[in-house]
Amino acid sequence: MNGPSPDFPSRAARAAGDPDLRRVMRRAVAHLAGLRTRALAAMPDAEDRRDRAAAARARALAALPDLLEGLTARLTEAGATVHFARDATEANAIIGRLAVSRGVRLAVKGKSMVTEELGLNAHLQSLGVTARETDLGEYIVQLAGQSPSHIISPALHLSREDVARLFEEKLGKRGETHEELTRLAREALREDFLAAGMGITGVNAAVASAGAVVLVENEGNIRLSAACPRIHVAVMTLEKVVADLADLADLLAVLPPFATGQGLPGSLSFFLGPRRPGEADGPEEFHLVVLDNGRSRLLADPVLSQILRCIRCGACLNVCPVYAAVGGHAYAYTYPGPIGAMLAGALRPAEDQGRRAFACTLCGACAQACPVRIDHPAVLLELRRRAGAAGRSPLPDALAAACALALGHPLAYGAAVSALRRLDPGLNRLARLPGLKGLRTYLGQREGTGLKTPLEPGAGQGRP
Amino acid sequence: MTSDSRDFILSNLRAALAANPVRVPEARPRAASPPWSGSAQDLARAFEAAGASARVCASPQDLARELVRVAREHGAARAAVWGHPAIAGLGLDRELEQAGVAVVRASGGPDRARACRPSWPGENLSCREAAGADLGLCVADAVLAASGTLVLRSGPGRPRSHALLPPVFVALASPATALADLDGLMPVLDGWIGEKALSGVFCVTGPSATGDIEFVLVRGAHGPPTVVVLVADFPL
């Protein structure tokens with residue numbers, strides 16, 4: 001299982017001081033955020049869609065146990081097997097047992113963050129089962145021995161040249177263009193789809209009334225993973241269920257636009273169980289693994305339970321200034337960015353110790369971008385409060401009290417900022433303090449503020 | 001035992017909701033999906049906008065000619081063809097054979113599995129046959145006009161792999177099955193699922209694509225890079 005690593009602060013500091021990473025991340029998040037912005041501009045009813053999606057998610061959470069029972073009944077009636085797993089160990093054991101007992105030596109995988117959370121690939125490898133990622137970005141990071149750095153675009157931190165070098169080293173084949181590299185991956189994975197004994201996917205949504213496991217993609221690898229192997233295992237966290245197809249439609253009205261700027265994905269698939277009599281392909285066995293891993297406890301929390309509305313679109317990552325500065329790997333957890341900070345603090349508080357919640361500017365861009373209206377700042381502030389109450393604040397008590405005083409009183413705030421600007425009018429001398437390399441890199445790349453000290457000629461005129 | 005875990009998890013969830021009931025926020029209801037009243041040409045434009053090639057066929061003969069032309073244009077020597085009444089009724093498999101294209105007809109029934117390696121389960125022969133084909137021919141059960149989406153149901157004689165593995169995917173589509181948008185598909189889907197004989201429904205919008213390397217869009221990641229829709233402007 002992949003829990004939040006304690007070295008997030010040092011990894012973030014290193015990442016913030018890496019100008020190449022900063023450049024790549026700036027371009028990547030601007031591109032992804034731009035896709036969403038353009039999609040929303042073409043959507044006059046975007047706010048209504050967000051409201052409906054938030055309501056659909058809330059309806060699901062409000063009836064979660066009944067919906068899970070309904071989903072189980074319908075899938076079982078269709079010939080599928082539904083497994084419940086309290087934690088990662090149990091989920092891995094279920095999937096591992098299935099693979100070993102069926103003589104599976106190779107499993108092909110669609111992109112699935114929950115299987116990253118489980119550490120499933122390593123578990124299967126320990127049983128002699130190779131788990132081959134087939135989403136192009138996941139395949140690239142798997143070859144590179146890395147973890148995904150973004151929920152939707154796992155390899156966004158790698159350049160074309162990086163991928164070309166990687167393919168030459170690992171596949172023994174040279175490609176230069178994006179098309180050539182994609183073709184190399186397609187050719188390398190084609191035989192794996194045909195030879196694999198098991199296909200493993202995640203789940204975007206599970207419709208209780210229909211007994212349907214729903215998946216979205218653009219590449220075709222998920223459909224292939226569920227068409228050719230004899231066994232299809234779909235893994236989902238327990239909150240992914242929705243009541244009916246109408247609520248699913250509300251989610252699909254926001255998921256593709258907010259994730260990739262699309263109206264509909266290249267493939268939208270409804271899996272309804274194993275193949276029926278007379279079918280020539282599709283799985284003979286269909287298994288759904290429903291994972292808890294701390295989420296049932298989260299539903300009881302009046303502030304944190306809203307995290308369970310998340311539909312994993314990645315929109316919060318694409319607008320987060322911290323994520324843009326340090327990238328996904330710095331978070332040292334399955335889920336990066338604002339959603340990662342919330343999940344780490346809520347599901348693994350002892351390991352996270354509030355570190356990721358404190359790595360937030362509270363700008364609120366994530367909440368504005370969220371299609372299901374999660375109030376990220378409220379959640380992160382609550383996680384900070386709990387970390388502080390548990391004695392895990394990153395600031396000494398006296399300094400924290402001084403900050404609270406300054407930020408809570410306009411006169412004290414004004415006095416503190418005036419004093420700081422007296423010492424450092426351009427707000428850039430701070431960067432020369434030792435141990436602040438990341439801040440130095442950031443300030444070196446930004447334009448000067450144009451601020452004048454309060455008593456300088458021209459102060460108060462022109463730019464603030 | 002997962003049944004113990006199931007009881008444990010469901011019990012936890014019920015206790016959680018008793019302690020913290022979830023409030024459902026207000027939301028304006030979605031407008032009903034309008035009926036679609038466009039033309040075959042409108043559908044063709046929608047498919048083109050989604051990245052497919054589309055041709056409107058005025059008659060069965062026209063459609064057969066177009067299919068053969070597509071096969072020749074793409075140098076197809078072998079086609080994987082659904083066992084669908086529309087394909088059989090139009091004699092499309094025979095037309096392809098007469099044009100020199102070998103036809104692999106979808107066979108129902110159990111795999112004639114052959115073990116690739118002794119310790120592995122046998123591979124699916126239907127998938128292997130589709131992987132060796134240059135063109136896959138299927139029939140859309142519905143189309144979504146707003147997005148140029150083909151809706152395919154899997155079933156006996158309708159292998160999933162025929163729309164996935166060959167590099168050229170040809171779909172027959174009829175305006176008679178057109179729905180306005182995805183919202184309009186949901187009640188139809190409800191009816192199909194209620195028949196209980198369905199293992200999968202696949203909504204395909206344009207060719208397979210990826211932007212995973214530097215966000216540069218490339219067609220044909222794993223599925224077909226080329227999608228051709230033959231829109232039948234006559235009863236299929």
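Which residue of strand 12 of chain B is the bridge partner of Ala54(B)? In this predicted model, the partner is Val229(B). The pair belongs to a contact between strand 1 and strand 12 of chain B, which are joined by 5 bridges and run parallel. Strand 12 covers residues 226–232.

This pairing is part of an open sheet in chain B. The sheet holds 6 strands in the order 1-12-7-4-2-3, with parallel pairing. Strand 1 (53–57) and strand 3 (102–105) of chain B are the edge strands. Each of these two pairs on one side only. From one strand to the next, the twist averages 20°.

Strand 7 (168–173) of chain B has strand 12 and strand 4 as neighbours in the strand order. Strand 7 is joined to strand 12 of chain B by 6 bridges, and the two run parallel. Here Leu172(B) stands opposite Leu230(B) of strand 12. Strand 4 and strand 7 of chain B also run parallel, with 5 bridges between them. On that side, Leu137(B) has Val170(B) in strand 7 as its bridge partner.

Strand 7 of chain B is largely enclosed by the rest of the structure, because 6 of its 6 residues are buried. Its side chains point in two directions. Val168(B), Val170(B) and Leu172(B) point one way. Phe169(B), Ala171(B) and Ala173(B) point the other way, and all are buried. Val170(B) and Leu172(B) thus appear again, as the bridge partner of Leu137(B) and as the residue opposite Leu230(B).

Two helices of chain B contact this part of the sheet. Helix 2 (residues 40–49) lies across strand 1, strand 7 and strand 12 of chain B. Helix 2 runs at about 165° to strand 1 of chain B. Helix 3 (residues 60–73) of chain B also packs on the sheet. Helix 3 touches strand 1, strand 4 (135–139), strand 7 and strand 12 of chain B. Its direction makes about 150° with that of strand 1 of chain B.

Chain B as a whole comes to 7 helices and 12 strands. Its C-alpha trace spans about 70 × 55 × 45 Å along the principal axes. Of the 236 residues in chain B, 54% are buried. Among contacts in chain B with a separation of 6 or more, 73% are between residues 24 or more positions apart.

Chain B also meets chain A. In this interface, 83 residues of chain B are in contact with 106 residues of chain A. The two chains bury about 7,800 Å² between them, with 60% of it on carbon and sulfur atoms. In chain B, Ile213(B), Phe215(B) and His222(B) lose the most area to chain A. Together these three account for 11% of what that side buries.

Polar and charged pairs also cross the interface. There are 6 salt bridges between chain B and chain A. One of them links Glu69(A) with Arg14(B), with the closest N and O atoms 3.0 Å apart. A further count gives 38 residue pairs in polar contact across the interface, both residues at pLDDT 80 or more. The elements giving two or more residues to the chain B side are helix 1 (2–19), helix 6 (125–131), helix 7 (182–194), strand 9 (200–204) and strand 10 (209–210) of chain B. Helix 1 of chain B gives the most, with 12 residues.

Ser269(A) has contacts in both chains. This residue lies in strand 9 (residues 267–271) of chain A. Ser269(A) has a relative accessible area of 0% and is therefore buried. Beyond four places away in sequence, Ser269(A) touches Val213(A), Val214(A), Leu215(A) and Arg223(A) in chain A, and Val201(B) and Phe202(B) in chain B.

Ile339(A) is found in helix 17 (residues 337–347) of chain A. Is Ile339(A) buried or exposed? At 2% relative accessibility, Ile339(A) counts as buried. Leaving out residues up to four places away in sequence, Ile339(A) touches Ile151(A), Ile307(A), Cys310(A), Cys316(A) and Leu317(A). Leu411(A) is 72 residues from Ile339(A) along the chain, and their C-alpha atoms are separated by 35 Å.

Key:
Residues numbered from 1 in each chain as written. Chains lettered and ligands numbered in written order. Heavy atoms only, no water. Pairing = 2+ DSSP bridges. Helix = DSSP H or I, 4+ residues; strand = E, 2+ residues; numbered from the N terminus. Axes fitted to C-alpha atoms, helices over the stretch in contact; angles between N-to-C directions. Contact = heavy atoms within 4.5 Å. Buried < 20%, exposed > 50% of the residue type's maximum accessible area, 1.4 Å probe, protein only. Buried area = accessible area lost by both parts, 1.4 Å probe. Salt bridge = Lys/Arg side-chain N within 4 Å of Asp/Glu carboxyl O. Polar contact = N/O pair within 3.5 Å; in protein donor to acceptor, adjacent residues only side chain to side chain.
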